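Reader: I am new to this structure and would like to go through it with you. Could you show it to me, please?

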Amino acid sequence: MRYKTKLKTGEFSRLMQVTVKTLRHYEQRGLLLPDEVDQWTGYRHYGIEQMQRLNEIRQLQQMGFSLDEIADLLEKDAHAPSIGQIDEKIKQTEQQLQLLLARRERLTCWRDSRQTIMTMDNFIIQSLPEIIVASHREIIPNYAALGPLCCQKIGPAMMEAGCRCTQPGYCFTIDHNKEYKLEDVDIEYCEQVEEILDSTDFIQFKRLPAIPKALCLKHVGPYERFYESFSKALRYLEEKGYHIAGDPRFSYVDGAWNQEDPEKWVSIIQIPISENEE
């Protein structure tokens with residue numbers, strides 16, 4: 001009489017390198033049933049057929065088939081996908097690959113941008129390219145109201161308008177006040193987006209022209225101390241023969257949304273400049 005292999009759940013789990021939890025899950029879904037179940041003890045036993053079936057499940061999973069798709073194949077005793085199913089899985093894999101490549105590109109740009117910002121020392125003079133932005137300009141009660149305005153109103157409004165922001169993200173404010181004010185602050189929030197959409201009553205879309213030269217400097221600390229960075233910037237511009245030629249941009253890298261300590265907030269101040277005429 002030929003001996004029939006009968007493995008208890010633990011033995012099968014160890015030999016096939018699969019957790020007992022996974023075996024229970026496969027059994028519940030009807031993917032991998034024990035060869036027999038003792039009606040008195042409830043002990044499950046597995047044999048050679050279950051080993052082969054588990055290998056088939058693994059192979060199909062490695063090729064990207066979901067458990068639902070695998071269950072359908074095994075239920076029909078196909079045990080292998082058709083040429084059409086394989087072609088469709090190849091197509092899906094290619095689409096996923098393109099998404100992953102695009103994600104890698106965005107992450108790489110984001111990382112490089114962050115590295116540039118965090119290692120930025122003193123001053124950098126560079127050009128700022130033309131960009132498309134979604135913007136909202138409003139007179140707010142005070143500067144502290146800017147954060148809630150961005151999170152509670154501007155963000156949802158941009159999402160509703162269908163905005164697709166660039167990666168890495170680039171957002172900034174432009175202070176339109178002619179003098180420093182503690183109340184009734186005229187400020188514009190801008191965020192770079194991929195395309196111009198139809199403006200709404202709340203969000204406006206526009207192109208900002210390129211800035212041939214801008215002095216960029218990193219500010220670390222609360223916004224109430226921007227004056228410290230401006231003092232350094234103006235001294236530098238005077239030494240190099242430049243003057244301010246437009247409204248500064250305040251680009252926020254780390255702030256209250258991801259850093260509790262204001263002393264660790266990081267902002268980039270971008271000041272349009274031009275050379276002094278002799």
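Author: Please note that this is a predicted model. A suitable starting point is the pair formed by helix H3 (residues 48-62) and helix H4 (residues 67-75), whose axes come within 10 Å and cross at roughly 135°.

Reader: Are H3 and H4 then roughly parallel or oblique?

Author: H3 is oblique to H4, because the angle of roughly 135° falls outside the ranges for roughly parallel, roughly antiparallel and roughly perpendicular.

Reader: And is the crossing left-handed or right-handed?

Author: The crossing of H3 and H4 is right-handed.

Reader: Which residues make the contact?

Author: H3 contributes Arg53, Glu56, Ile57, Leu60 and Gln61, while H4 contributes Leu67, Ile70, Leu73 and Leu74. Sorted by class, the contact of H3 with H4 comprises six nonpolar, one polar and two charged residues.

Reader: Let us change topic. How many residues are in the largest nonpolar core?

Author: The largest nonpolar core has 29 residues. Those with the most contacts inside it are Ala134, Ile154, Met158, Val193, Ile203, Leu215 and Ile271.

Reader: Which elements supply this core?

Author: At least two residues each come from strands E5 (131-140), E7 (185-192), E9 (211-220), E11 (249-254) and E12 (266-275), and from helices H6 (146-161) and H7 (226-240). The largest share, six residues, comes from H6.

Reader: What is Ile154 in contact with?

Author: Leaving aside neighbours within four places in sequence, Ile154 is in contact with His136, Leu149, Tyr189, Phe202 and Ile203.

Reader: What lies apart from the largest core?

Author: Another core, of 18 residues, lies apart from it, and among its members are Leu7, Val18, Ile70 and Leu74. Ile70 and Leu74 also belong to the H4 side of the contact with H3.

Methods
Residues numbered from 1 in each chain as written. Predicted model: local features only at pLDDT ≥ 70, side-chain atom pairs only at ≥ 80, totals over all residues. Heavy atoms only, no water. Axes fitted to C-alpha atoms, helices over the stretch in contact; angles between N-to-C directions. Helix = DSSP H or I, 4+ residues; strand = E, 2+ residues; numbered from the N terminus. Left-handed = near helix turned anticlockwise from the far one by under 90°. Contact = heavy atoms within 4.5 Å. Nonpolar A, V, L, I, M, F, W, Y, C, P; charged D, E, K, R; others polar. Core = buried A, V, L, I, M, F, W, Y, C linked by side-chain atoms within 4.5 Å. Buried < 20%, exposed > 50% of the residue type's maximum accessible area, 1.4 Å probe, protein only.
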